[in-house]
Amino acid sequence: MNFFELHNQKEALLIANVWDATSAVVAQKAGYQVLGTSSAAIAATLGYEDGQFISFDELFYIVTRIKSVSNLPLSVDIEAGFGNEINEITDNLKRLAQLGVVGVNLEDSKIVNHVRELNDAIAFTDTIQAIRDKLDSEGYNLFLNIRTDTYLLAHDKALQETLLRGQLYKAAGADGLFVPCLTSENDIKTISNAIGLPLNIMYKPGLPSFDKLKKIGVSRISMGNLLHSTIYSKLENLMSLIKLHQTIE
């Protein structure tokens, strides 16, 4: 089953979000089908805030190391594309594809003065279309998982705005729709039925079981930086205990 087909299997595709070679090895040993990078986790690992404050070359190096230790399909969170021009973003995607990356997440928001805001829907749709056309014309078959931040940013009409953007993005060539912070079962059903693209949500405590999520229209489940945050929270506690008790035992 190729990466595209994995979005239509009996179970929802569970993405193991990784941030370095070691986490990729652990995920592969655990039996995951697919790896996905977490932009927030990679940024934190390199000492940056999330929001495209690292350079594309730094991201590319991390992706290179992940690919060197795992043969699992890899999707890369490329945030806003690491470029201001279509050609620059497309060149970044092509570099990833040439490395063996099978898909990317591309988001419809940007950080301005450390505040995230939605891009204009029509302008971002034109960006997707231009990227899709350039990739297709050069034979690059990347899975474009387009992320909309309507729920993440608590848009006052999140459902309606998501439906509008999802329909636009699908028409422009999106292969999947990613809606982080979407938790309402009714909204999940509505979006899945209306858009007709594989729907990706980010798992949060309190959501239904994976089986239930699949039944209401979710095709893909990702973890964001949950694992990375959990591990480093435990590391912080362990460091504090060693310092407090003056022993490593």
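**Exercise 1. Strand β2: which residues sit on each face, and are they buried or exposed?**

Solution. Start with the strand itself: in this predicted model, β2 covers residues 34–37. In a regular strand, side chains alternate between the two faces of the sheet. Sort the residues that way and you get Val-34 and Gly-36 on one side, with Leu-35 and Thr-37 on the other. Now check the cover: all four are buried, so both faces of β2 are covered.

**Exercise 2. Find the strands that pair with β2, and say how they run.**

Solution. Take β1 (residues 13–18) to begin with: four bridges join β1 to β2, and the two run parallel. For a spot to look at, Val-18 stands opposite Thr-37 of β2. Next comes β3 (residues 74–77), joined to β2 by two bridges, again parallel. Here Gly-36 has Ser-75 in β3 as its bridge partner. Finally, add the connection: β1, helix α1 (residues 21–29) and β2 make a β-α-β unit, and the unit is right-handed.

**Exercise 3. Work through three salt bridges: how far apart in sequence are the partners, and how covered are they?**

Solution. The count for the model is 13 salt bridges. Let's take three of them.

- Asp-91 and Lys-94 meet at 3.6 Å, N to O. They are three residues apart in helix α4 (residues 86–99), which means about one helical turn separates them. Asp-91 is partly exposed at 40% relative accessible area, whereas Lys-94 is buried at 14%.
- Arg-132 and Asp-175 have their closest N and O atoms 2.7 Å apart. Arg-132 belongs to helix α5 (residues 121–137) and Asp-175 to the loop between α6 and β8, so the pair ties together parts that are 43 residues apart in sequence. Arg-132 is buried, with 7% relative accessible area.
- Glu-185 and Lys-212 meet at 3.1 Å, N to O. Glu-185 is in helix α7 and Lys-212 in helix α8, 27 residues apart, so this pair links distant parts of the chain. Both ends are partly exposed: Glu-185 at 30% and Lys-212 at 33%.

**Exercise 4. Which residues are linked in a network of salt bridges?**

Solution. Pick out the charged side chains: Glu-107, Arg-116, Arg-147 and Asp-149 are the linked set. As background, side chains of opposite charge can pair when their charged atoms come close.

**Exercise 5. Which residues make the nonpolar surface patch, and where does Ile-231 fit in?**

Solution. The patch is made by Leu-227, Ile-231, Tyr-232, Leu-235 and Met-239, and covers about 460 Å². Ile-231 is in helix α9 (residues 226–245). Its relative accessibility is 46%, so Ile-231 counts as partly exposed.

Note on methods. Residues numbered from 1 in each chain as written. Predicted model: local features only at pLDDT ≥ 70, side-chain atom pairs only at ≥ 80, totals over all residues. Heavy atoms only, no water. Patch = residues over 30% accessible without salt bridge, like charges linked within 9 Å, V, L, I, M, F, W, Y side chains within 5 Å. Areas by Shrake-Rupley, 256 points an atom, 1.4 Å probe, with all protein chains shown as cover. Salt bridge = Lys/Arg side-chain N within 4 Å of Asp/Glu carboxyl O. Buried < 20%, exposed > 50% of the residue type's maximum accessible area, 1.4 Å probe, protein only. Pairing = 2+ DSSP bridges. Right-handed = clockwise from strand over helix to strand, strands pointing away.
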